[in-house]
Amino acid sequence: MPYFTGYMTAISVSQGEALSAHVATRSNEDCFVDIYRVTGCEDAHLFPKLSFVRRFGRIQPHRLPPSAGGRRLSSGDADSEGCRWPKIDLLEEVPIDWPSGVYLAQFCSAAEPRARASDRAGEDALFIVRSGADRPESRILCQVNVATWAAYHIWHNRSLYVGRTGDGQRFDDLRGSKASFHRPGIGLCYPNEAILSPMPPKAAYIFAFIDWLERERISVDFCSGLDISAGGANLANYDALVTIGHDEYWTADQLDAVRDFRNSGGHMIFFGGNLAFELVRETSDGSAIECYKESGDSYSGDSHDDERGEGGELLDPLLTASATLDARLTGPTWRVRHESTTPTTGVYNITRRPGAPGEVLIGGAMWWWEMFGGPSRPQCGFTICDPDHWVFEGLEINQGDTFGAETKLIGHEADGLEVEIRDARPQLTFADGALPGTRLLAVADGRKWGEWDFTAWPPTFSPGQQQTLGTYGGYVTMVYHEEPGKGMLFSAPTTDWVFGLVPSIDWTATRSLEPPLLPTDPVVEQVTRNVLHACHKRGERK
């Protein structure tokens, strides 16, 4: 079967804007571009379910000789600079009747549209269609974390995490500092090209969320986080902004815009974890992001400040061009902004204790080892602390009940706040910079995750990697915050929250040839339902 691979000129377009693609092949056969809208998940593997929109073709892709002596379709610097294939114009204007959503372009020679996503990397390209005008029926905007998709993606040799030598060795110190959107497969390939990893593709989070939204008939518009950063999405048109899954990479302008939105009365809903951890900047042409991390091991945590506030070498070239730090500089968000992400997300992943900046606090819990063939993630869910809060309406629950454990809801990365146990009840300390008045709705205790000894678990992929990679263990806190003049803030800060909305295989069962099926969780569904419906009732909830 001929192989065509490509990417879209822009990973996010608005109704009324042009649509174009870039395609390459070694085949001489005809090539078509089929456009689909993603409407959910096809199965428990979270394979995208597609609705056919339109076929374009026959197009003229960039053609290389069938025999090119091992020559690649694109140059070796494609991960940072893009593939640089010629542009193919598809539409002068995206039609107004293409609803805002996540779309998939498929490049193929099939006589008829396949109506199914490809299982070959690069044959499909995801993109977002934004609403070109205010839609009264959709007052919720979902921010899709395309920057995180790009950060983990490898097309040839490098992601923002690892770099690969010519003989296949992988090293953190060879990782890139720039990730281009002009590469095939972004969001659809396995993170960091880890084919043997059980982790789902990064876009699986949005597929799961869309699946549930379609079943619930909840109308939501979509944009990328970079659209918010660049002003391409008008937050003033919406009552609420929702983020889901693994929303790790944000720009400073994006963080400011989201905070300003809430301060002006907009609701902020976080159904995901590792929130706004890495601060990036977008290139001037919008084709890539830049992220200059510190030197050190990006998985063990050595690249971030330790408990004494000492970290690796700062590699951002802007540091030598400016005498003082400012919000444009990249690196972990908490290093640049003294208050961390707490005023925006309500929680943190890493922060400094107010009044004692030398003390670094770790919020939430992380379980990385499943990505490397280690033990499966423990079953861990949320224990309810405030059963009378309206987010739990419609549920028969009591204080101390736990939900989400069967679905392994906590992980693989989650955020939180400092918690102490008083009179056998978990309570926030507020000594870590938590927003005054924050209500603790539920808590998950991941402290024992940091006590596991993984040194006997194979395999070792690179020197020094066989170590305790799952050591981030603390409290994961589901919280709610509201104050006069501002919108509500709800945070269920675990990356896998939306996996509780759909049946899915157990991605953490690394030693199982047939991973078990994880069910939906009725509490996750009802809480999600209650929160989103409340977004339409500005000012009615207290």
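1. Helices here are DSSP runs of type H or I with at least four residues, numbered from the N terminus. With that in hand, G265 is easy to place: this glycine comes just after helix 5 and takes a positive phi of about 110°. Please keep in mind that this is a predicted model.

2. Let's look at helix 5 itself, which covers residues 252-263. Does its length fit its residue count, and why? At 1.5 Å a residue, its 12 residues should span 16 Å, and the end C-alpha atoms lie 17 Å apart, which agrees. Buried positions in this helix are A252, Q254, L255, V258, R259, F261 and R262, so two arginines and a glutamine are listed alongside nonpolar residues.

3. Now the chain as a whole. It has 9 helices and 31 strands, and 59% of its 542 residues count as buried. Among contacts with a separation of 6 or more, 73% join residues 24 or more positions apart. The chain exposes about 21000 Å², with carbon and sulfur atoms supplying 49% of that area.

4. Which residues touch the most other members of the largest nonpolar core? They are I206, F209, F271, F490 and W497, in a core of 89 residues. Helix 3 (residues 204-216) gives this core its largest share, 9 residues. Another core, of 28 residues, lies apart from it and includes W250, C385, Y475 and V479. In soluble globular proteins, nonpolar side chains tend to be buried together.

5. F209 deserves a closer look on your screen. Leaving aside residues up to four places away in sequence, F209 touches C142, V242, I244, F271, V498, L501, T528 and L532.

Key
Residues are numbered from 1 along each chain as its sequence is written. This is a predicted model: local features need pLDDT of at least 70, side-chain atom pairs count only at pLDDT 80 or more; totals for chains, interfaces and linings use all residues. Side-chain values use heavy atoms; hydrogens and water are left out. Buried means under 20% relative accessible area, exposed over 50%, partly exposed in between (1.4 Å probe, protein chains only). Contact means heavy atoms within 4.5 Å. Accessible areas come from the Shrake-Rupley method with a 1.4 Å probe; for residues, only the protein chains shown count as cover. A nonpolar core is a set of buried Ala, Val, Leu, Ile, Met, Phe, Trp, Tyr and Cys residues joined through side-chain atoms within 4.5 Å. The expected span of a helix is 1.5 Å times one less than its number of residues.
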